[in-house]
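The following exercises are to be worked with the sequence and the three-dimensional model at hand. Each task is followed by a solution that proceeds step by step.

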Amino acid sequence: MSHFFPEVLAPAGSLDKLKVAVLYGANAVYVGGQKFGLRTAADNFTLDELREGVNFAHDRGAQVYVVLNSFLHDKDLSELPDFVNFLNEIKVDAVIVSDLGVVKTVSSLSSIPIHISTQASTLNVEAAKLWKSMGATRVVVGRELSVKEAGKIKREANIEVEMFIHGSMCMAYSGHCVISNFTQGRDSNRGGCAHSCRFEYSLDMGLDTEEKKKAFFMSSKDLEGLRILPEFINEGIDSLKIEGRMKSHLYAGTMSKVYTEALAYYREHGNFLSDDLLYWESELKKVSHRAYTNASLVEAAGTDSIFNERENTETEWQMAGTVIEASPKSGIVIEVRNAFNQGDELEILPFKGQAITIVAREITDIMMKPVARTRPSTLIKLPYQNGVESLHLIRQKVKV
Ligand code: SF4
């Protein structure tokens, strides 16, 4: 698919997250099966979930790409054909691949479009041409490239180009890293990355013990390319990828919504107003994140892209729950994710447009018994409010 405006490609670590991403506007999602992908800790999809996810997305005009980007040993590769046949049968829109053996297996068994994973570190036109000659329809270029360099690949190799626009970074040439293997016994290139680069290390350069410098030398800030959107469009980048299959429902929904709304705005107006950019940036900050950086999108990342702090697990905003049902008759029925109190202010995130602020007055359980403080994984009710729909996400500001 080649078009002037890029698609927004969102991560979907589970069937629920796929639905959230699609409902909040993502044009495509990428998902992993139980094997062959690089996120062994994600709630990867069963075969039934894959089928349901593809149908759900296709019914709403979105596409589904399946990640097969592990590097495989022969014994793993022998199990791949059955899975490829299944993906062909359920009509997935592409597979994302790094290993040449997987490219060969997929192309010999099916006509599923092949996207070359960022794990393959495609950084130049000749590499992209070679992948194209081997049957690939798209390259997910390395995160070391600027948008301009990626645009050159798009034009000169005449192949679709996908680029990361948002999310956690890898300090190595994506995935070419064995720190997790040595420190945790977990293989980054077979789905086991333990984010060892985020840890604190001490640097021993012949200094005595007191002088050893301790710091987070290898930990990157998070990528955020909102203000560079016009450049992605001008360079003809086909797909804007959001990292984060392991991240929350709130993350999948917020990212899909912000980037699709920003693109739609630009399509209509041909520019951005600074107030709108500030609004979208404030939305991007309402999910768990580290300090943001452009990384190498404009010029090669420097020392200011290092996040030299301990991982911050506390966030200013968290997900309060999901709307299960909303009507004047039933009220707003919510499945609670994180507890909140009577009188707390909540923000309901519509699929389009600004958040709806409500105060959680008159909380009841589903038997209409008053509730002072909600509990995770329970159903509660609030009075109906216009504009609230089933499957809307609810967030709440929390004290940090
Ligand atoms: S440990 Fe860090 S640098 Fe290594 S593969 Fe994982 S994210 Fe990348």
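**Exercise 1. Identify the residues that surround the ligand and state how they divide by class.**

*Solution.* The model is a predicted one. Step one is to list the shell: the ligand is surrounded by C170, M171, A172, G175, C177, I179, S180, S188, C193, H195, S196 and C197. Step two is to sort this shell by class, which gives 7 nonpolar residues, 5 polar residues and no charged ones. Glycine is counted here as polar and cysteine as nonpolar.

**Exercise 2. Determine how helices α1 and α2 are oriented to each other, and which residues form their contact.**

*Solution.* Begin with the axes. Helix α1 covers residues 15–23 and helix α2 residues 47–59; their axes come within 10 Å and cross at roughly 10°. Angles under 35 degrees count as roughly parallel, and α1 and α2 are therefore roughly parallel to each other. Next, locate the contact: L15, L18, K19 and V22 of α1 meet E49, E52, G53, F56 and A57 of α2. By class, this contact between α1 and α2 comprises 5 nonpolar, 1 polar and 3 charged residues.

**Exercise 3. Describe the surroundings of strand β1: is it buried or exposed, and with which strands does it pair?**

*Solution.* Consider burial to start with. Strand β1 spans residues 7–11, and 5 of the 5 residues are buried, so the strand is largely enclosed by the rest of the structure. E7, L9 and P11 point one way from β1, while V8 and A10 point the other way.

Then consider pairing. In general, strands of a sheet pair through backbone hydrogen bonds, in either a parallel or an antiparallel sense. β1 pairs in the parallel sense with strand β11 (residues 239–242) over 3 bridges, where K241 is the bridge partner of L9. β1 also pairs in the parallel sense with β2 over 3 bridges, and here A10 has V29 as its bridge partner.

**Exercise 4. Continue from V29: where does it lie, is it buried or exposed, and which residues does it contact?**

*Solution.* V29 belongs to strand β2, residues 28–32. A residue is buried if 20 or more other C-beta atoms lie within 10 Å of its own; V29 has 31 such atoms and is therefore buried. Apart from neighbours within four places in sequence, V29 is in contact with A10, A12, L18, A21, V22, A57, A62 and V64. A further distance links V29 with G53: the two are 24 residues apart in sequence, and their C-alpha atoms are 9.7 Å apart in space.

**Exercise 5. State how β4 pairs with β3 and β5, and how its side chains are arranged.**

*Solution.* On one pairing, 4 bridges join strand β3 (residues 63–68) to β4, and the two run parallel; V67 stands opposite I96 of β4. On the other, β4 and β5 pair in the parallel sense over 3 bridges, with V95 opposite I114 of β5. A94 and I96 point one way from β4, V95 and V97 the other way, and all are buried.

**Exercise 6. Compare the loop residues K91 and S121, each with a positive phi: is each buried or exposed?**

*Solution.* K91 lies in the loop between α4 (80–89) and β4 (94–97). Its phi is about 65°, although K91 is not a glycine. With 12 other C-beta atoms within 10 Å, K91 is exposed. S121 is in the loop between β5 (114–116) and α6 (125–133), and its phi is near 50°, again a positive value in a residue other than glycine. S121 has 20 C-beta neighbours inside 10 Å and counts as buried.

**Exercise 7. Give the strand order of the open sheet of 7 strands, and name its edge strands.**

*Solution.* The order is β16-β15-β19-β13-β14-β18-β17, with antiparallel pairing. The edge strands are β16 (356–359) and β17 (364–365), each of which pairs on one side only. At the β17 edge, 2 bridges join β17 to β18 (residues 379–382), and D365 has I380 in β18 as its bridge partner. Finally, helix α10 (residues 249–269) lies across β13, β15 and β19, and runs at about 100° to β19.

Key:
Residues are numbered from 1 along each chain as its sequence is written. This is a predicted model: local features need pLDDT of at least 70, side-chain atom pairs count only at pLDDT 80 or more; totals for chains, interfaces and linings use all residues. Two strands pair if DSSP finds at least two bridges between them. Two residues are in contact if their C-beta atoms, placed from the backbone, lie within 7 Å. Axes are lines fitted to C-alpha atoms, for helices over the stretch in contact, and angles run from 0 to 180 degrees between N-to-C directions. A residue is near a molecule or strand if its C-beta atom, placed from the backbone, lies within 6 Å of it. Angles under 35 degrees count as roughly parallel, over 145 as roughly antiparallel, 65 to 115 as roughly perpendicular and the rest as oblique.
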